[in-house]
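Subject: Handover of a structure model

Dear colleague,

Please find the structure below for your records. My notes on what was found in it follow.

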Amino acid sequence: MRIKSVLSLLGIFCLTLATGRASAAQLTWDPNGNGGATSAGGNWDVTGGNTVWWNGASDVIWAETATNNATSGAIFGGGDGAYAINIDATTQVAATNLQINNSGYTFSGNPIYFPTAATGVGDLAVAAGKTVTFNCNLT
């Protein structure tokens, strides 16, 4: 009986860990509307018509429930070059993570908000040998 109770508690604990954190959507920067295959500059904001994010099936807007509640991760790729990314003119954007796969992106404007390290997200990753410039705060 005691072993059965311990196993039941262990099962509940593992189930809680497995369902405790939902996986965030990963969106690819796609201002050219071609599935993120090429690099380009543009505006990163939550404006209704600004469908510059590829979700694997179509281009969508950057959606978040609040400027401090990230629901998606951002991937920037394509070829090396010089690309200006202007962060929303009125407020910061929130991202679970930011992955830079090529050199040449320069982020300017309002801050990019990452969740706290305690949540297990909020990673910034730059591919080996690549560079990125932030002329905005990362908060």
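Is Y105 buried or exposed? Y105 is buried, at a relative accessible area of 1%; buried means under 20% relative accessible area, exposed over 50%, and partly exposed in between, with a 1.4 Å probe and protein chains only.

Before the details, the basis of the values should be stated. This is a predicted model, in which local features need pLDDT of at least 70 and side-chain atom pairs count only at pLDDT 80 or more, while totals for chains, interfaces and linings use all residues. Residues are numbered from 1 along each chain as its sequence is written, and side-chain values use heavy atoms, with hydrogens and water left out.

Confidence and overall composition

The chain has a mean pLDDT of 81, and 78% of its residues reach 70 or more; pLDDT is the predictor's confidence in each residue, from 0 to 100. Over residues 1-22 the pLDDT is below 50, and this stretch has three contacts in the model beyond near neighbours in sequence, where contact means heavy atoms within 4.5 Å.

One helix and twelve strands make up the elements of the chain, with the helix preceding the strands from the N terminus on. Helices (H or I, at least four residues) and strands (E, at least two) are DSSP runs, numbered from the N terminus. Of the 139 residues, 32% count as buried. Among contacts with a separation of 6 or more, 60% come from residues 24 or more positions apart. The exposed area of the chain is about 7,600 Å², of which carbon and sulfur atoms supply 57%; these areas come from the Shrake-Rupley method with a 1.4 Å probe, and for residues only the protein chains shown count as cover.

Strand pairing

An open sheet of six strands, with mixed pairing, follows the order β4-β3-β1-β5-β8-β11. Its edges are β4 (59-60) and β11 (123-126); each has a single partner strand, so one side of each is left without a neighbour in the sheet. Two strands are taken to pair if DSSP finds at least two bridges between them. Within this sheet, β1 (residues 25-29) and β3 (residues 53-54) pair in the antiparallel sense over two bridges, and W29 stands opposite W53 in β3.

Strand β9 (105-109) has parallel pairings with two further strands. Five bridges connect β9 with β6 (residues 83-87) in the parallel sense, and I85 has F107 as its bridge partner in β9. With β12 (residues 132-135), β9 runs parallel over four bridges; here Y105 stands opposite V132.

Aromatic residues

A pair of aromatic rings is described by the distance of the centres and the angle of the planes. Rings of Phe, Tyr and Trp (its six-membered ring) pair if their centres lie within 6.5 Å; planes under 30 degrees apart count as stacked, over 60 as edge-to-face and the rest as tilted. By this rule the chain has 13 aromatic pairs. In one of them, the ring centres of Y105 and F107 are 6.2 Å apart and the planes stand at 35°, so the pair is tilted. F107, like Y105, is buried: F107 has 0% relative accessibility, and Y105 has 1%. Ring pairs also link both residues into a cluster with W29, W44, W53, W62, F76, Y83 and F134.

Residues in loops

N102 lies in the loop between β8 (97-100) and β9 and is buried, with a relative accessible area of 0%. Its side chain makes a polar contact with the side chain of S39 at 3.2 Å. A polar contact is a pair of N or O atoms within 3.5 Å; within protein, one must be able to donate a hydrogen and the other to accept it, and residues adjacent in sequence count only if both atoms are side-chain atoms. A polar atom of the N102 side chain also lies 2.5 Å from the backbone oxygen of G79. Leaving aside neighbours within four places in sequence, N102 is in contact with residues including F76, Y83, K130 and T131.

Q92, in the loop between β6 and β7 (93-94), counts as buried at 16% relative accessibility. The side chain of Q92 reaches the backbone oxygen of T67 at 2.9 Å. Beyond four places in sequence, the contacts of Q92 include E64, N110, Y113 and T139.

A82, by contrast, is exposed, with a relative accessible area of 71%. This residue lies in the loop between β5 (72-76) and β6. The C-alpha atoms of A82 and A40 are separated by 8.2 Å, the two residues being 42 apart along the chain.

Yours sincerely
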